[in-house]
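Let's take a walk through a protein structure together. Have the sequence and the 3D view open as you read.

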Amino acid sequence: MFDPDIAPSGTLLGLLQRGRGDGTLHALAAQRAEALVALERCVLSDPRHDWRVESRSLYYARLYSELEGPLDGIEQHLFHPDGLLPDAVASADEYRCGLALSVLGHLAGYGRRDALHLLRRYAAVGGCWEWALDELAVRDDDAGLCVLGTAVLARFPQTEEGDAQLAAAIREAYEPRPWRLWAENTDGSVDPAVAARVRKASEQTSFDRWQRQMRPTGPTPGWSVRAVLDWAQQGLDAYPAQYRDAPAARCLAAVAGLEDRPELIDAARGGPDAARAAALRHLADRQDPEALDLIESAAADPSETVARAALESFERMRGTVALDRARAWSPREDALGAAAARVLACRGDHQDTQRVLGALRRLVQREGADAAGLAVLVEGAGRLSIGCASPVLRHVYRETSSSQLRGIAAQALAATDPSFAAGFAVECLWDCEETTRELAARHAATADVRVLAQLRRLAADPAEEAEVQTAVRGRLSSGEPAR
């Protein structure tokens with residue numbers, strides 16, 4: 001989504017930006033002022049490529065707690081004029097303030113009253129108030145939430161448009177608890193006018209949802225192969241373009257019969273772009289005998305829509321015929337060769353280890369540790385237990401800026417590298433991703449004195465995920481001797 005400026009992996013800032021366990025360990029060993037500067041930069045300038053799938057908030061909140069860091073920088077950031085615009089663009093505002101608000105939420109959960117007060121203030125006046133309200137919904141008491149009702153409702157003018165916006169806010173709320181408290185007003189602590197308005201908007205939200213279910217809207221194709229293909233192409237020709245080839249392929253599964261195969265093959269061979277893409281997807285899903293030849297031709301097509309559909313269709317195909325073709329295509333240096341290597345990484349067997357390893361090495365050498373499609377090859381190296389892949393896997397682990405990819409690399413190293421338990425597994429106990437911490441809890445060698453201490457901390461931490469705590473407690477209760 002974004003292209004953040006990531007420092008080198010050997011620096012304290014680079015470690016913290018990546019969310020590596022070594023980032024926490026180095027920060028605790030560094031000068032407190034230096035560690036706080038690096039930590040604050042991470043929180044105020046989100047280092048994640050995609051904040052929706054990568055974790056950092058609990059990782060940074062724990063370090064704030066360890067360092068007893070002040071929240072002045074976060075306060076200035078949140079209450080900067082850029083963050084107080086009432087009609088701020090949602091995606092940009094969430095990217096600018098979302099991580100800081102999540103960190104405050106975890107700190108409030110750890111008992112930091114200053115973090116709780118900041119969240120309350122921001123929910124009342126901030127641009128990304130929905131996020132702050134969701135954080136408060138799971139951490140604040142009823143009295144604190146009830147006080148916010150008047151300030152939140154004041155954001156919505158008492159007009160038809162304002163009422164529609166209020167209904168949308170209630171419908172889209174991730175945590176409904178504040179809205180329910182305001183609507184029910186059981187103890188009379190909410191302004192009766194506020195409670196009545198929230199109840200009315202909630203009722204309207206339920207009615208709107210029922211109406212949408214009863215009367216689905218949106219374009220739908222006709223009930224024939226030609227109508228479906230035309231519908232797909234009409235979407236691509238529209239402005240802005242609507243990519244309908246994937247849903248069109250699903251429609252074809254319902255309407256196409258054996259007698260329609262010649263028409264579909266003709267469309268996949270030379271039809272308009274969207275129709276061709278839809279036909280390719282359908283034929284590949286049906287394991288048609290001509291699908292692979294059509295995919296080979298389409299993968300080199302100058303149309304991005306056609307080429308993407310060909311590659312995605314091939315990667316979904318199953319069976320020995322598709323695997324044999326993947327083995328033949330994997331030495332290629334183009335996009336089809338890369339897709340073939342990913343197919344072998346996902347579904348190949350031990351005869352494919354050199355092909356997967358070669359593709360992994362080439363991709364890292366050409367495009368680095370954050371290359372597109374790298375996660376599949378890394379996971380495949382672990383699945384196939386390719387021991388000689390350990391050096392490149394360690395490189396990916398150290399250098400990638402994606403905490404998700406690092407976790408996949410850690411999984412692969414656990415299957416391929418005998419030194420993992422005494423090496424990377426130890427630092428993974430402090431990693432930002434819960435799945436990586438869970439892996440470390442199962443593998444980290446207890447000969448390192450830090451391991452048992454951290455396992456006990458994770459077991460006692462109320463903010464830790466249940467899966468991690470299950471792994472930790474299982475390890476602590478197993479009586480396993482130190483490795």
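What follows moves from the whole protein to its rings, one of its helices and some of its loops.

Before we start, please keep in mind that this is a predicted model. Begin with the overall build: the protein has 28 helices and zero strands. Its C-alpha atoms fill a box of roughly 70 × 65 × 40 Å, taken along the principal axes. Of the 483 residues in the protein, 50% are buried. The chain also makes contacts across long stretches of sequence: if you take the contacts between residues at least 6 apart in sequence, 64% of them join residues at least 24 apart.

Now turn to the surface and the charges. About 22,900 Å² of the protein is exposed, and carbon and sulfur atoms supply 52% of that area. How many side chains are positive, and how many negative? There are 56 positive and 71 negative side chains, and the centres of these two sets lie 4 Å apart.

Next, look for the aromatic rings. A search of the whole structure turns up eight aromatic pairs. One pair to find on your screen is Phe 314 with Trp 329: the ring centres are 5.0 Å apart and the planes stand at 65°, so this pair counts as edge-to-face. The cut-off behind that label is an angle over 60 degrees. Where in the chain do these two residues sit? Phe 314 belongs to helix 18 (residues 304–316) and Trp 329 to helix 19 (residues 320–329), so to speak two partners 15 residues apart, and the pair links distant parts of the chain. Both Phe 314 and Trp 329 are buried.Elsewhere, Trp 129, Phe 156, Trp 179 and Trp 182 come together as one aromatic cluster.

Rings also meet charges here. The charged end of Arg 121 sits over the ring of Phe 79, at 4.2 Å from the ring centre. You can find a second case at Tyr 243, where the charged end of Arg 308 sits over the ring, 5.4 Å from its centre.

Let's now follow one helix and its surroundings. Helix 26 covers residues 434–443, and its buried residues are Thr 436, Arg 437, Leu 439, Ala 440 and Ala 441. Which helices do these buried residues pack against? They pack against helix 4 (57–67), helix 24 (403–416), helix 25 (424–428), helix 27 (449–460) and helix 28 (466–477).

Helix 24 brings us to a loop. Ser 402 lies in the loop between helix 23 (390–399) and helix 24. Is Ser 402 buried or exposed? Its relative accessible area is 15%, so Ser 402 is buried, given that the cut-off for buried is under 20%. Leaving aside residues up to four places away in sequence, Ser 402 touches Glu 54 and Asp 370.

For a contrasting position, go to Gln 354 in helix 21 (residues 353–367). Gln 354 is exposed, because its relative accessible area is 53% and the cut-off for exposed is over 50%. From C-alpha to C-alpha, Gln 354 and Cys 388 are 9.8 Å apart in space, while in sequence they are 34 residues apart.

The backbone has some details of its own. Most residues other than glycine have a negative phi, and most peptide bonds are trans. With that in mind, look at Tyr 239 and Pro 240, which are joined by a cis peptide bond with omega at about -5°. Pro 240 is in the loop between helix 13 (225–237) and helix 14 (245–255).

Two further loop residues deserve a look for their phi angles. Gln 287 is not a glycine, yet it has a positive phi of about 55°. You will find Gln 287 in the loop between helix 16 (273–285) and helix 17 (291–298), and with a relative accessible area of 38% it is partly exposed. Ser 385, also not a glycine, has a positive phi of about 55°. Ser 385 lies in the loop between helix 22 (374–383) and helix 23; its relative accessible area is 43%, so Ser 385 is partly exposed.

Our last stop is Gly 10, in the segment before helix 1 (12–18). Gly 10 is exposed, with a relative accessible area of 73%. Gly 10 and Gly 23 are 13 residues apart in sequence, and their C-alpha atoms are 9.7 Å apart in space.

How values were computed
Residues numbered from 1 in each chain as written. Predicted model: local features only at pLDDT ≥ 70, side-chain atom pairs only at ≥ 80, totals over all residues. Heavy atoms only, no water. Helix = DSSP H or I, 4+ residues; strand = E, 2+ residues; numbered from the N terminus. Buried < 20%, exposed > 50% of the residue type's maximum accessible area, 1.4 Å probe, protein only. Contact = heavy atoms within 4.5 Å. Areas by Shrake-Rupley, 256 points an atom, 1.4 Å probe, with all protein chains shown as cover. Lys, Arg positive; Asp, Glu negative; His and termini not counted. Charge placed at Lys NZ, Arg CZ, Asp CG, Glu CD. Phe/Tyr/Trp six-rings, centres within 6.5 Å; stacked < 30°, edge-to-face > 60°. Lys NZ or Arg CZ within 6 Å of the ring centre and 35° of its normal.
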